[in-house]
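User: Please take a close look at the main nonpolar core of this protein. I would like to know what builds it and how it sits in the rest of the chain.

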Amino acid sequence: MKIPITRNGYRRLIKELVHLRRVVRPEVLDDLREARGYGVKMENQQYLLARERHLGLEKKINDIENKLSNCEIVVGRKFFFKQVGFGTVIVIRNMETGEVSEFELVGPWESDVSGGMLSVDSPVGRSMMGRREGDDVVVETPAGTRLYRILSIEI
């Protein structure tokens, strides 16, 4: 199953992958090469740290490559009415606190609540899907039950 991602999110992943491959990887390999010069022994802390950093970097590169191969860019939708869905921007009010927040609904790899990016897989995101302006939505979160009202939707 393909994971949805916005065009900007896809570009960010590509940019990060290119940076890791072209800038970070050569630095890490140089450090590893230098540390090997002192011997590949258990007491050579410089080698052990360089090796650990190299393994971590390769894991991160593989993770991004897997994300890119398992995602699908979702662009443009046609609706006859405004409805919350992937890529829409919603303005919601927490009915208990009165706090108003604006979020773009994005894929799970792009989620950044403090940056206004809400995952469609999050409890709030799942509850909002398919709703319309003016709807009151009850959301079961780990912190308890919340009530939100959808103030506006931008497609």
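Analyst: Helices and strands here are DSSP runs, numbered from the N terminus; a helix has at least four residues and a strand at least two. In this predicted model, the protein has three helices and seven strands. Their order along the sequence is β-α-α-β-β-β-β-α-β-β.

The overall form comes before the core. The C-alpha trace spans about 65 × 35 × 25 Å along its principal axes. The radius of gyration is 22 Å, whereas a compact globule of 155 residues would have one near 15 Å. Of the 155 residues, 34% count as buried, where buried means under 20% relative accessible area. Among contacts with a separation of 6 or more, 51% join residues 24 or more positions apart.

Now the core itself. In soluble globular proteins, nonpolar side chains tend to be buried together. The largest nonpolar core in this protein has 15 residues, and those that touch the most other members are Val 84, Ile 90, Ile 92, Val 124, Met 128, Tyr 148 and Ile 150. Five elements give two or more residues to this core: strand S3 (89-94), strand S4 (100-106), helix H3 (123-128), strand S6 (136-141) and strand S7 (144-154). The most comes from S7, which gives three residues.

Met 128 is a useful residue to follow through the core. Leaving aside residues up to four places away in sequence, Met 128 touches Val 84, Ile 90, Ile 92, Val 137, Tyr 148 and Ile 150. A second core, separate from this one, has 11 residues, including Leu 20, Val 28, Ile 64 and Leu 68.

One loop position also belongs in this picture. Gly 134 lies in the loop between H3 and S6. Its contacts, not counting residues up to four places away in sequence, are with Arg 149 and Ile 150; Ile 150 is also one of the core residues that touch the most other members. The C-alpha atoms of Gly 134 and Arg 149 are separated by 6.2 Å, although the two residues are 15 apart along the chain. Gly 134 counts as partly exposed because its relative accessibility is 45%, and the partly exposed class runs between the 20% and 50% limits.

As for the outside, the protein exposes about 9900 Å², of which carbon and sulfur atoms supply 51%. There are 25 positive and 23 negative side chains, and the centres of the two sets lie 5 Å apart.

Notes
Residues are numbered from 1 along each chain as its sequence is written. This is a predicted model: local features need pLDDT of at least 70, side-chain atom pairs count only at pLDDT 80 or more; totals for chains, interfaces and linings use all residues. Side-chain values use heavy atoms; hydrogens and water are left out. The radius of gyration is taken over C-alpha atoms; the globule rule is 2.2 Å times the number of residues to the power 0.38. Buried means under 20% relative accessible area, exposed over 50%, partly exposed in between (1.4 Å probe, protein chains only). Contact means heavy atoms within 4.5 Å. Accessible areas come from the Shrake-Rupley method with a 1.4 Å probe; for residues, only the protein chains shown count as cover. Lys and Arg count as positive and Asp and Glu as negative; His and the chain ends are not counted. The place of a charge is taken as NZ of Lys, CZ of Arg, CG of Asp or CD of Glu. A nonpolar core is a set of buried Ala, Val, Leu, Ile, Met, Phe, Trp, Tyr and Cys residues joined through side-chain atoms within 4.5 Å.
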